[in-house]
Amino acid sequence: MKNYGKLTAGLIAAWFVFALSASALQLFSNPANRVGVAVGLAALAPIVLFSLWFAASENFRRFAFSLNPRTLTFVQSWRILGVVFVVLEARGLLPAVFALPAGYGDIAIGLTASLVAWKLTKPTHRNSFVVWQVLGIIDLVNAVALGTTAQLLSPHAPSMLPLTVLPLSLIPTFFVPLLLILHVICIAQARDWKEASGDADVYRAALRGAA
């Protein structure tokens, strides 16, 4: 499991460096000042890679299941920074059709992440835990959908330019797919939890971090 931990950490670091470098080289910017194909490919590639690896490798699945769901959920607290979208919209730098739903959605998930990590990561609250994770995924997917269609939905509003250049370009190209993957892992873990108290060993195994 340690080897998978090191490999995964290395891949995440390489992915971050790629997203940062591509942003610095302005590979995600475009004449239309919108979230374009390059951003979409950068966001989709790690999700596809994770899905294929998770489906094909039993050892990788075991590693993913060994991760602590409380920690994975607590990481979502960073989404409170969605307030940046709201601030930029108020200053006329992002379209409201994207910034307000995406911003307030992220704020809601970020504010509740700690409580969910503390209270709901247990078999007796499995359904509530999964529902919250699904809501987190819906928020991310909704933000991506609105970001790519904002200019069609509101052609006279400000452009999506801030999301195509540093530092905000790291949100769709790195943080969104990473956080979505963490949601998926948590849901997969919760499916193995047992509600019966006699299955506490299964739950304790799910809460153990990678050794």
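Let's start with the second largest pocket. Its lining holds 22 residues. Nearest its centre lie Thr8, Ile12, Trp15, Leu178 and Ile181. Keep in mind that this is a predicted model.

Which elements give two or more residues to that lining? They are helix H1, residues 2-24, then H2, helix H3 at 58-66, helix H4 at 69-74, and H8. H2 provides the largest share, six residues.

What about volume? The second largest pocket contains about 480 Å³ of space.

Now its chemistry. Of the lining residues, 20 are nonpolar and two are polar. How many are charged? None; the second largest pocket has no charged residue in its lining.

On to the largest pocket. Its volume is about 740 Å³. Here 35 residues form the lining, and the closest to the centre are Leu170, Ile171, Pro172, Phe175 and Val176.

Where does this lining come from? At least two residues each are supplied by helix H2 (37-56), helix H5 (83-90), helix H6 (96-119), helix H7 (126-153) and helix H8 (170-191). Which of them gives the largest share? That is H8, with eight residues.

The lining of the largest pocket splits into 28 nonpolar, five polar and two charged residues.

One last look at the helices. H2 and H8 appear in the list for the largest pocket, and H2 and H8 appear again for the second largest. H8 leads the lining of the largest pocket, while H2 leads that of the second largest.

How values were computed
Residues are numbered from 1 along each chain as its sequence is written. This is a predicted model: local features need pLDDT of at least 70, side-chain atom pairs count only at pLDDT 80 or more; totals for chains, interfaces and linings use all residues. Side-chain values use heavy atoms; hydrogens and water are left out. On a 1 Å grid over the protein atoms alone, a cavity is a set of points where a 1.4 Å probe fits but cannot get out, and a pocket is an open set with protein on both sides within 12 Å along at least five of seven lines; lining residues have an atom within 4 Å of a point. Grid points are joined across faces, edges and corners, and a volume is the space filled by probe spheres set on the points. Helices (H or I, at least four residues) and strands (E, at least two) are DSSP runs, numbered from the N terminus. Ala, Val, Leu, Ile, Met, Phe, Trp, Tyr, Cys and Pro count as nonpolar, Asp, Glu, Lys and Arg as charged, and the others, Gly among them, as polar.
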